[in-house]
Amino acid sequence: KTTAMLAFAEKLRARGYVALHASLERSFGMTEVAEAEPTWLWALHMAGTEQLPPADCPPDPSLFQGATGTRLSAYLAAWCAHVRRPVVLLLDETDTVTGHALVNLLRQLRAGFNHRGPGKFPVTIALIGMRDLRDYLTAAKDGTPVSNKSPFNIKKDSLTLQNFTFAEIA
């Protein structure tokens, strides 16, 4: 999935988008926002320096100020304001984020949704992982369905890649 998403980001960049694939895996086990949020910003910045031309890179997180729990959305807005072209963000290993950190991550992305657009906020954000985030929440709530007030209602659709068959591998 990572290889496919890196190739997808490259195709989007060829079409004029500022497309970035970043992994949230380094925040695995960090359930508190104050610990996980700076890790997310650095993941975006480091991925940007590897994949994008310098003019399109997300800002240096060490120079970026903001209140804990709001830094990610403010960081994304500042980055989009700088590049002024449509930004597509592919967040891999999203399912490794748990607890308060996961809820905050989703709330910040949801907060920016109504303001999305070139120069404002990423036009599209894909949350990529081995499991569907709605399944994670339903399990966490002992089978209680997701309410429409939940930060988990941000998704439009889920795509699932099935296991390869022997013929496909051959």
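Hi everyone, let me start with helix α3, where R71, L72, S73, Y75, L76, W79, C80 and V83 are buried. Keep in mind that what we have on screen is a predicted model.

So where is α3? The helix runs over residues 71-83, which makes 13 residues. From its first C-alpha to its last it reaches 18 Å, close to the 18 Å expected at 1.5 Å a residue. Look at the spacing in that buried list: L72, L76 and W79 are all on it. In general, an α-helix has 3.6 residues a turn, so residues three or four places apart point the same way.

What covers those buried residues of α3? The cover includes the strands β1 (18-23) and β2 (87-92), along with the helices α2 (33-51) and α4 (99-113). And right after α3 ends, have a look at R84, which takes a positive phi of about 60°.

Now to the largest nonpolar core. It has 29 residues, and the ones that touch the most other members are W40, L44, L72, L76 and W79. Two or more residues each come from β1, α2, α3, β2 and α4. Our opening helix, α3, gives the most to this core, with 6 residues. As a broader remark, nonpolar side chains in soluble globular proteins tend to be buried together.

Let me pick out L44 from that group. Which residues is L44 in contact with, once we leave aside its neighbours within four places in sequence? They are L20, A22, P58, L72, Y75, L76, L89 and L91. Apart from the largest core there is another one, of 6 residues, with A19, V88, L90 and I128 among them.

One more residue I'd like you to click on is S27, in the loop between β1 and α2. Is S27 buried or exposed? S27 counts as buried because its relative accessible area is 1%, and the cut-off for buried is under 20%. Beyond its neighbours within four places in sequence, S27 is in contact with A36, T39, W40 and V97. W40, you'll remember, is one of the residues touching the most other members of the largest core.

Finally, let's zoom out to the whole protein chain. There are 6 helices and 3 strands, and along the sequence they follow the pattern α-β-α-α-β-α-β-α-α. Of its 170 residues, 40% count as buried. Among contacts with a separation of 6 or more, 70% come from residues 24 or more positions apart. As for the surface, the chain exposes about 9,800 Å², with carbon and sulfur atoms supplying 56% of it.

Thanks, and I'm happy to chat about any of this!

Methods. Residues are numbered from 1 along each chain as its sequence is written. This is a predicted model: local features need pLDDT of at least 70, side-chain atom pairs count only at pLDDT 80 or more; totals for chains, interfaces and linings use all residues. Side-chain values use heavy atoms; hydrogens and water are left out. Helices (H or I, at least four residues) and strands (E, at least two) are DSSP runs, numbered from the N terminus. The expected span of a helix is 1.5 Å times one less than its number of residues. Buried means under 20% relative accessible area, exposed over 50%, partly exposed in between (1.4 Å probe, protein chains only). Contact means heavy atoms within 4.5 Å. A nonpolar core is a set of buried Ala, Val, Leu, Ile, Met, Phe, Trp, Tyr and Cys residues joined through side-chain atoms within 4.5 Å. Accessible areas come from the Shrake-Rupley method with a 1.4 Å probe; for residues, only the protein chains shown count as cover.
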